[in-house]
Amino acid sequence: MLCRLSVRWLRPRPALQVRVLDPSLAGAPAGGAKSSALPVWAVASVSAVGPSGAGSWYEALATSAPVQSAEDVLLFAHTASGLPWWGSILLTTVALRGAVTLPLAAYQHYILAKVENLQPEIKNIARHLNQEVAVRAHQLGWSKRVARLTYLKTMRRLVSELYVRDNCHPFKATVLVWIQLPMWIFMSIALRNFSTGAAHSEGFSVQEQLTTGGVLWFHDLTALDATWILPVSVGVINLLIVEIFALQKLGKSRFQTYITHFVRAVSVLMIPIAATVPSSIALYWLCSSFMGLSQNLLLRSPRFRQLCRIPLTKLDSDTPYRDLLAAFHSKIISRKSRTF
């Protein structure tokens, strides 16, 4: 799906025109005019209109209200701050992650901490219920299947009552994903629209501004990062986030292990995908991943957790960062010992 999405970003948008101040940027004819400095896909995306893509779901998404709102946010940040586009992308990412995803991440940890604190009570209920079902099954002559179904049904009801009592249903912890993932998609598509010349700011082509709005080795934010520094950095940071989560989970189930391996694979897959999108998008992905890593580390801080009123659990540590380094070191040592 991710590969298909990266290819979709290179498809042209129908019926979109771009005002270009420099004729050389419009792909002028070869009769003495300077050839375009933009990537071929960037020029083609605003000049070629294919009838087959006129009603595609992606074109509808690219012109949807949420994407237009993301474009407005980026343009406002660029205009209000006066920063070059690389700085505006960084500023917008930090602001959105700080104002939206950080509170949601703190709420997620709040819910998960309350669920964790319920585990001793849930285990106690499970033990007593198992005994009661066994007695009732012996008295009424239930089969093992009936006894098992009765136990599971009753246990689900009792656990749900505990979640309602403490207002901590685990589904509430998923609200971060339902907000963060769409926001990431909308911002990415908005930057794709800018990079292909589909939006303007005060009469100037945003695409033209992006061609000189970069910094360091990626001066042209509409071009691909030929050095692969941005794509590789995105993959490395995402892998680091995955490993931090993996170290937090002790005694993982087989399903959790499979999920961890899957997310690792996705993180590696993001490297070639990030290499096929404009540098503006790759930069946004890098900033977003870095903020995600920073928030993850911040939410390990006992003081910050106390500030957010996240309940203490038996898994909490007074020295989380020292424990994290020790866990990484132990993992590396164990891998070396298995190798030799």
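Okay, let's start in the middle of this one: the largest nonpolar core has 38 residues, and the members that touch the most others are Trp85, Phe194 and Trp285. Keep in mind throughout that this is a predicted model.

So which helices feed that core? At least two residues each come from helix H3 (57-62), helix H4 (65-81), H5, helix H7 (175-195), helix H8 (206-211), H9, H10 and helix H11 (279-298). And which gives the most? That's H11, with eight residues. There's also a second core, separate from that one, with 16 residues; among them are Val115, Val159, Leu162 and Ala173. As general background, nonpolar side chains in soluble globular proteins tend to be buried together.

Right, on to the charged side chains. Opposite charges on side chains can pair when the charged atoms come close. How many salt bridges do we get here? The count is five, and I'll walk you through a few.

Take Glu121 and Arg165, please. They form a salt bridge, and their closest N and O atoms are 3.0 Å apart. Glu121 sits in helix H5 (residues 85-140) while Arg165 sits in helix H6 (residues 144-166), so this pair ties together parts 44 residues apart in sequence. Buried or exposed? Somewhere in between: Glu121 is partly exposed at 30% relative accessible area, and Arg165 is partly exposed too, at 48%.

Now look along H6 itself. Arg157 and Glu161 make a salt bridge there, at 3.2 Å from N to O. Both residues are in that helix, four residues apart, which is about one turn. Again we're looking at partly exposed side chains, with Glu161 at 42% relative accessibility and Arg157 at 46%.

The next pair is Glu243 with Arg264, a salt bridge with an N to O distance of 2.5 Å. Here Glu243 belongs to helix H9 (residues 229-248) and Arg264 to helix H10 (residues 254-274), so the bridge ties together parts that are 21 residues apart in sequence. What about burial for these two? Buried means under 20% relative accessible area. Glu243 comes in at 13%, so it counts as buried, and Arg264, at 18%, is buried as well.

One last thing on the charges: some salt bridges share partners, and that joins Glu121, Arg165 and Asp166 into one network.

To wrap up, then: a largest core of 38 residues, a separate second core of 16, and five salt bridges, including the buried Glu243 paired with Arg264. That's it from me, thanks!

Notes:
Residues numbered from 1 in each chain as written. Predicted model: local features only at pLDDT ≥ 70, side-chain atom pairs only at ≥ 80, totals over all residues. Heavy atoms only, no water. Salt bridge = Lys/Arg side-chain N within 4 Å of Asp/Glu carboxyl O. Buried < 20%, exposed > 50% of the residue type's maximum accessible area, 1.4 Å probe, protein only. Core = buried A, V, L, I, M, F, W, Y, C linked by side-chain atoms within 4.5 Å.
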